[in-house]
Amino acid sequence: MAAATPTSYTDKIVVTDDVAEFSSEVIDEMRSHLAKYPPERSRSALIPLLFVIQRERGWIDNPGVNFLAKFLDLEITDVWETATFYSMFNLRPVGRHHIQICKTLSCKIMGEPKITDHICSKLGIKPGETTADGKFTVSLVECLGSCGTAPMMQIGFDFHEDLTIEKVDQILADCK
């Protein structure tokens, strides 16, 4: 049974026994990450390997988790508990530009709600959704560690700080 692909953050993930397959080059890359840790500490490679799974599959999905659990000789729940803890791992398909807006106190006080409303209005989506063309996903996330330059957001691995409506408009235009 194939896992259903959730289209929003409120959709449920269908859990299956499917196991992802990867090229020999990707397996070699995973082994090189694993080799950085003592054999009894293979779980320490979990985060770098989750990044590989996400890069290869576009998100952390059930078959990818099943593969990683077997690869590291871990329980599936061990992999999921790490993948679900960090906001850097996507548990749903995301757009080409994943806009993660910090929603914690400093950003909220400095204008996050106005920034979020503006971005969502401009893109025609709500937080947790992806535009119909697949270009943008908006997510509200916990602290991104830039309280002194709030409000801020992250797109991919790029931080955008001291946000204003004008800055947001320019950033979105640059993404298009």
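Visitor: Which elements of the protein chain have the lowest and the highest mean pLDDT?

Guide: The general idea is that pLDDT is the predictor's confidence in each residue, on a scale from 0 to 100. Here helix α4 (residues 76-85) has the lowest mean pLDDT among the elements, at 94, and helix α6 (residues 112-123) has the highest, at 98. This is a predicted model, in which local features need pLDDT of at least 70 and side-chain atom pairs count only at pLDDT 80 or more, while totals for chains, interfaces and linings use all residues. Residues are numbered from 1 along each chain as its sequence is written, and side-chain values use heavy atoms, with hydrogens and water left out.

Visitor: What is the mean pLDDT of the protein chain, and where does pLDDT stay under 50?

Guide: The mean for the protein chain is 91, and 92% of its residues reach 70 or more. The stretch where pLDDT stays under 50 is residues 1-5, for which the model has 11 contacts beyond four places in sequence, a contact being heavy atoms within 4.5 Å.

Visitor: How many helices and strands are there in the protein chain?

Guide: Helices (H or I, at least four residues) and strands (E, at least two) are DSSP runs, numbered from the N terminus. The protein chain has 7 helices and 4 strands, and reading along the sequence gives the pattern α-α-α-α-β-α-α-β-β-β-α. Its C-alpha atoms fill a box of roughly 50 × 35 × 25 Å, taken along the principal axes. Of the contacts in the protein chain with a separation of 6 or more, 58% are between residues 24 or more positions apart.

Visitor: What percentage of the residues count as buried?

Guide: A residue is buried under 20% relative accessible area, exposed over 50% and partly exposed in between, with a 1.4 Å probe and protein chains only. By that rule, 44% of the 176 residues of the protein chain count as buried.

Visitor: Which residues of helix α1 are buried?

Guide: In α1, which spans residues 24-34, the buried residues are Val26, Ile27, Met30 and His33. Seen down the axis of α1, these buried residues fall within an arc of 115°, so they line one face of the helix; the arc is that of the directions from the helix axis to the C-beta atoms. The buried residues of α1 pack against α2 (46-57) and α3 (62-72).

Visitor: How many of the residues of α3 are buried?

Guide: Helix α3 is mostly covered, with 9 of its 11 residues buried; among them are Asn62, Pro63, Phe67, Leu68 and Leu72. The cover over the buried residues of α3 includes α1, α2 and α4.

Visitor: Is Ala83 buried or exposed?

Guide: Ala83, which lies in helix α4, is buried, with a relative accessible area of 0%. Leaving aside residues up to four places away in sequence, Ala83 touches Leu50, Ile60, Phe89 and Leu91. Ala83 and Glu29 are 54 residues apart in sequence, and their C-alpha atoms are 19 Å apart in space.

Visitor: Is Glu75 buried or exposed?

Guide: Glu75, found in the loop between α3 and α4, counts as exposed at 55% relative accessibility. Glu75 and His98 are 23 residues apart in sequence and 29 Å apart in space, C-alpha to C-alpha.

Visitor: What is the phi of Asp73, and what is that of Asp162?

Guide: As background, most residues other than glycine have a negative phi, and most peptide bonds are trans. Asp73 has a positive phi of about 55° although it is not a glycine; this residue lies in the loop between α3 and α4, and at 70% relative accessibility Asp73 counts as exposed. The C-alpha atoms of Asp73 and Arg43, which are 30 residues apart along the chain, are separated by 8.7 Å. For Asp162, phi is near 50°, also a positive value in a residue other than glycine. Asp162 is in the loop between β4 (158-160) and α7 (165-175) and counts as partly exposed, at 38% relative accessibility.

Visitor: Which residues does a cis peptide bond join?

Guide: The cis peptide bond joins Ala150 and Pro151, with omega about -5°. Pro151 is found in the loop between β2 (136-141) and β3 (153-155).
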